[in-house]
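Hi,

Here is the structure I said I would pass on. Have a look at it first, and then read on for what I found.

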Amino acid sequence: MPPSPSRRPSETEQLRQRLARLEARFHAHAYDAERLRAATALLTGGTVVVFLSRALPWASDESWVPSGDDAMLTSFLLWVAVAALAAVVVRYLLRPSRFLLGAAVGLACVPPALMLVEWAMVAAAADTAYADDVADPETGRSVLLMVLGCAVVGGTAAWLLQEERSS
């Protein structure tokens, strides 16, 4: 049985309610667009910083080719981890998925961990020339930039993953 005309809202009131719903939907879409723009900027910036931070020590020596000490297995693995992180971020930016966000969070932890392993190995063989290079302030800055970039990428991916799970 349809509601009586006296209980049903007027057409003007129905239009007001519909307009309120449309405004709420518009604001939600505007918030989502802002969030995605900020996340894209953070993911892109963090990835660029991670990638360039690994090249800074070589760039400061005006040599883009790693020396014999830099060709250690951990250094190679570090480059592979940085390239994998960059690939996952680019792939996520092209086609978002929860799996890629989780992979970005995990891969963002790998370069700093590998850098700690590399530094531990260098400390064990402290008589090498590479030990002096690690103590160099230029190299130290590049390591801090890499850790900061990884933190930005991992934190942003974790934030997006949490928001995606909550919605």
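E34 comes out as partly exposed, at 47% relative accessibility. This is a predicted model, by the way, so please read everything below in that light. The side chain of E34 forms a salt bridge with that of R37, with 2.4 Å from N to O. The two are three residues apart in helix α1, so about one helical turn separates them. R37 itself is exposed, with a relative accessible area of 51%, which puts R37 just past the cut-off, since exposed means over 50%.

That pair belongs to a count of four salt bridges, and two others in the set caught my eye. One of them joins the side chains of R35 and E163, at 2.9 Å from N to O. Here R35 sits in helix α1 and E163 in helix α5, so the bridge ties together parts that are 128 residues apart in sequence. R35 counts as buried, at 17% relative accessibility, because the limit for buried is under 20%.

The other one is between the side chains of R98 and E164, at 4.0 Å from N to O. R98 is in helix α3 and E164 in helix α5, so this pair links parts that lie 66 residues apart in sequence. Both ends are partly exposed: R98 has 45% relative accessibility, and E164 has a relative accessible area of 31%. As general background, side chains of opposite charge can pair when their charged atoms come close.

Now the overall layout. The chain has five helices and zero strands, so from the N terminus the order of elements is simply α-α-α-α-α. Of its 167 residues, 29% count as buried. The accessible surface of the chain is about 10800 Å², and carbon and sulfur atoms account for 66% of that. If you take the contacts with a separation of 6 or more, 78% of them are between residues 24 or more positions apart.

What about the inside? The largest nonpolar core has 23 residues, and the members that touch the most others are L43, V50, L85, Y92, L101, M146 and L160. Two or more core residues come from each of α1 (11–60), α2 (73–94), α3 (98–124) and α5 (137–166). In soluble globular proteins, nonpolar side chains tend to be buried together.

L160 is a good place to start if you want to look around in there. Setting aside neighbours within four places in sequence, L160 is in contact with R35, A39, L43, Y92 and L101. You will recognise R35 from the salt bridge with E163.

T47 is worth a click too. This residue lies in helix α1 and is buried, with a relative accessible area of 10%. Not counting residues up to four places away in sequence, T47 touches A86, V89 and V153.

Finally, the outside. L73, F76, L77 and V80 make a nonpolar surface patch of about 390 Å². Of these, L73 is found in helix α2 and counts as exposed, at 61% relative accessibility.

That's it from me. Shout if anything is unclear.

Cheers

Definitions and conventions: Residues are numbered from 1 along each chain as its sequence is written. This is a predicted model: local features need pLDDT of at least 70, side-chain atom pairs count only at pLDDT 80 or more; totals for chains, interfaces and linings use all residues. Side-chain values use heavy atoms; hydrogens and water are left out. A nonpolar core is a set of buried Ala, Val, Leu, Ile, Met, Phe, Trp, Tyr and Cys residues joined through side-chain atoms within 4.5 Å. Buried means under 20% relative accessible area, exposed over 50%, partly exposed in between (1.4 Å probe, protein chains only). Helices (H or I, at least four residues) and strands (E, at least two) are DSSP runs, numbered from the N terminus. Contact means heavy atoms within 4.5 Å. Patches are made of residues with over 30% relative accessible area and no salt bridge: like charges are joined within 9 Å, nonpolar side chains (Val, Leu, Ile, Met, Phe, Trp, Tyr) within 5 Å. Accessible areas come from the Shrake-Rupley method with a 1.4 Å probe; for residues, only the protein chains shown count as cover.
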